[in-house]
Structure formats: structure tokens, C-alpha cells
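Reader: Please take me through this structure by question and answer, beginning with a single loop residue and moving on to the domains.

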Amino acid sequence: MSHEKPSPVYAGVDFGQPGVQHGFLKLPWSHDNSAWGAVMIPVTVINGAPGPTALLTAGNHGDEYEGIIALLKLANTLQAEEVQGRVIIVPMMNAPAVQAGTRTSPIDGGNLNRSFPGAPDGGVTAQIADYFTRVLVPMCDVALDLHSGGRTLEIMPFAALHALDDERQQADNLAAAQAFGAPLTVMMYELDASQLYDTVVESQGKGFVTTELGGGGTTTPQRQQLAERGVRNFLAHHGVLTQAPQPWEGETQLLDMPDASCYVQSEHCGILEFLCPLGQRVSAGERLARVYDPSRSGQPPVEYRAQRDGILLARRFPAQVAMGDTLAVIAREIVSP
């Protein structure tokens, strides 16, 4: 498929117009109920005084609500007078998935955050990815993509960055992640980084921070407050807002996920019992969970153990587990010099 074709997405806003605009990114989608229909992706653009451009996104997965709510609230309240530069807000990147309350698109089954860089002549999800890759990301100087665990994971809230070849870019991202003001800042190891939105943004040399802010397919007042404060902190850190960042009450702890041994994945189907809570320090070889076979009694469960020392950062949320599901994620503590 060619990447030379123009994107089929039409922006119903003028990205250079001063002030506040609310509109849609419109992607043509012909289907049984609408011959000349469109996928409508809400977008808000706020242009203030001259300065950098920040691209704020959520709803990359449709069942991760903390970021969606935070950006909808920001779009309702942020005024041009508060902005030194430009803020582009897309609260629901994968709008069809958000409307369905699912991780992936109900239209084509696409996982948006495994579809980058996308293609203008691909399916709906690939076309959304392509528009971000070739239109929105090149517009921005810095980007923040808000995630949480969705319906299948429970995660200790953190802001995150990735190890990069460009040490200056990595250091800038670390400073921005810490400024977000989460209780944890994590150097993430991704199992499948090649098709992530993160990789596209970083490869274009942009400042980038992502988050994991909870999960379980819901939100809490505490996590929501963290998301909303963190977004404004990110903007303030980059000089897009004049306010000073509001730090976490206490020192942000730095964690590292150095390799795939951080992930404990199930080799069995069954019912999951966790033996330790999130946030607990564990040692390599320590028991984390048991998986029971629900098809018969008198069968001992299979035990899963930590593959490394560290902190239990994330766990599977539903008790039903299938082969290949991630049961736990363990990150190691980094002691500041």
C-alpha cells in the first residue's frame, strides 16, 4: 500500500486560527446504514500567544477512561488566554472503539496502538493512524498520550518514557514524565514497539510522554484528579501554560522495565488467584499467582513466580485467564544518585 496518497481524513477545524475551536476529524466510511457516512473524531484546537504546539491524546484504546475524561474536561475549560502556543486535543483517537467501550475498533477489529504508522489506503484504523503519523504529529513539538489498563489490567498509576538512542531526547522526556506528577515514573520496555504511536512520535524527534493511570475499565476520583493535574503539569513544564507544575505529594519514584522478563504470561487457561497485592516488593522465584483448572476438582493449581526482583507494577484484572494473557508486570527500582 502506498504512503504517497493524501490522507482521506478531513479536518473540520483550522489549526492556525486564533482562539478556541471544537470540531471533528472526518474519515469517510461507507457502510450499510450510511452510504456516504464518516467516522467522526472530536478535536479541539486552542491557539494562544506564540509558542510550542502540544498534541494531547487519549482513547487510543476505547476502554481506558481516565485520559478520555481528563481531556474532555480540559477541552471544555482551557482558554486561549492561558496558552503560550497551541494545544491540539483529541480525547478519543479511536472514536469507534470508545463508543463501543472496547480496546479495538468494532469496524475492522483494529488495535490503533498496534497499527502505526498506518496507511491512507488501509482500513479505518490504519487510516486514523496514518493521519496522526503524517499530519498531526509533524505539527507538534511535544505529545502526551494517556493510557490506563482498560478492562483487563490493573496498573499502579505512572507516567512513562522509553529508552532512546538520542540521550538528549530521552533526558527531556524523563524530565517531562517526572513533571507530570504521578507517584511513579517508569522507563518502559514494550513487547511490541514497532507499531506503536509512541514509536512514531519519538522517531520524528518529538518530546513524548505516555501514562498508565489505573484500569479495570473504570476510574476513581483519585486517578481522575491525577490525570487532570498531570495534563496541566505536562503543558506547564513545556511552557504551553503559564502556571507552575503541581508536583506529587512526595517524591516520584523511578522504576525501570529493562527487558521481557518483567512480564509474567500465562501458559494455562483457568481461574486466577493473586497471592500478593500491587505495589508489593517481590523477589525472583517468589510466588505471584495460581491458575486453577475449572473443568475438574482434585487438580492442583499451576503456580506462577516472579522472574526478577522488583515491584508488582501491574496485574491482570479479570479472574478468568487464557493462555498468553499477561498475569503480572514487575519493574525494578532505580535509586537516584
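Author: The model is a predicted one. Gly250 sits in the loop that joins helix H6 (221-237) to E11.

Reader: Is Gly250 buried, partly exposed or exposed?

Author: The class follows from relative accessibility, where buried means under 20% and exposed means over 50%. Gly250 has a value of 48%, so the residue counts as partly exposed.

Reader: What distance separates the C-alpha atoms of Gly250 and Ala182?

Author: Gly250 and Ala182 are 68 residues apart along the chain. In space, the separation of their C-alpha atoms is 9.9 Å.

Reader: How is the protein divided, and how far apart are the C-alpha centres of domain 1 and domain 2?

Author: Domain 1 covers 10-256 and domain 2 covers 260-333. The contact between them draws 17 residues from domain 1 and 18 residues from domain 2. Between their C-alpha centres the distance is 30 Å.

Reader: Which three residues supply 37% of the area that domain 1 buries against domain 2?

Author: The area buried between the two domains is about 1500 Å², and carbon and sulfur atoms give 64% of that area. On the side of domain 1, no other three residues supply more than the trio in question. These residues are Glu154, Met156 and Asp256.

Reader: Which residue meets Asp256 in a salt bridge?

Author: Across the interface of domain 1 and domain 2 there are two salt bridges, along with six residue pairs in polar contact. A salt bridge requires a side-chain nitrogen of Lys or Arg within 4 Å of a carboxyl oxygen of Asp or Glu. At 2.9 Å from N to O, the side chain that meets Asp256 in this way belongs to Arg332.

Reader: Which strand gives the most residues to the side of domain 1 that touches domain 2?

Author: Strands E7 (153-155), E9 (184-188) and E11 (253-256) each supply at least two residues of that side. The residues of this side comprise 10 nonpolar, three polar and four charged. With four residues, the strand that gives the most is E11.

Reader: Where is Ser7 found, and which backbone nitrogen lies 3.1 Å from a polar atom of its side chain?

Author: Ser7 belongs to the segment before strand E1 (10-11). Leaving aside residues up to four places away in sequence, Ser7 touches Pro120, Asp130, Tyr131 and Arg134. The backbone nitrogen at 3.1 Å from a polar atom of the Ser7 side chain is that of Val9.

Conventions:
Residues are numbered from 1 along each chain as its sequence is written. This is a predicted model: local features need pLDDT of at least 70, side-chain atom pairs count only at pLDDT 80 or more; totals for chains, interfaces and linings use all residues. Side-chain values use heavy atoms; hydrogens and water are left out. Domain bounds come from an automatic or database domain assignment. Contact means heavy atoms within 4.5 Å. Buried area is the accessible area (1.4 Å probe) that two parts lose on being put together, summed over both. A polar contact is a pair of N or O atoms within 3.5 Å; within protein, one must be able to donate a hydrogen and the other to accept it, and residues adjacent in sequence count only if both atoms are side-chain atoms. Ala, Val, Leu, Ile, Met, Phe, Trp, Tyr, Cys and Pro count as nonpolar, Asp, Glu, Lys and Arg as charged, and the others, Gly among them, as polar. Buried means under 20% relative accessible area, exposed over 50%, partly exposed in between (1.4 Å probe, protein chains only).
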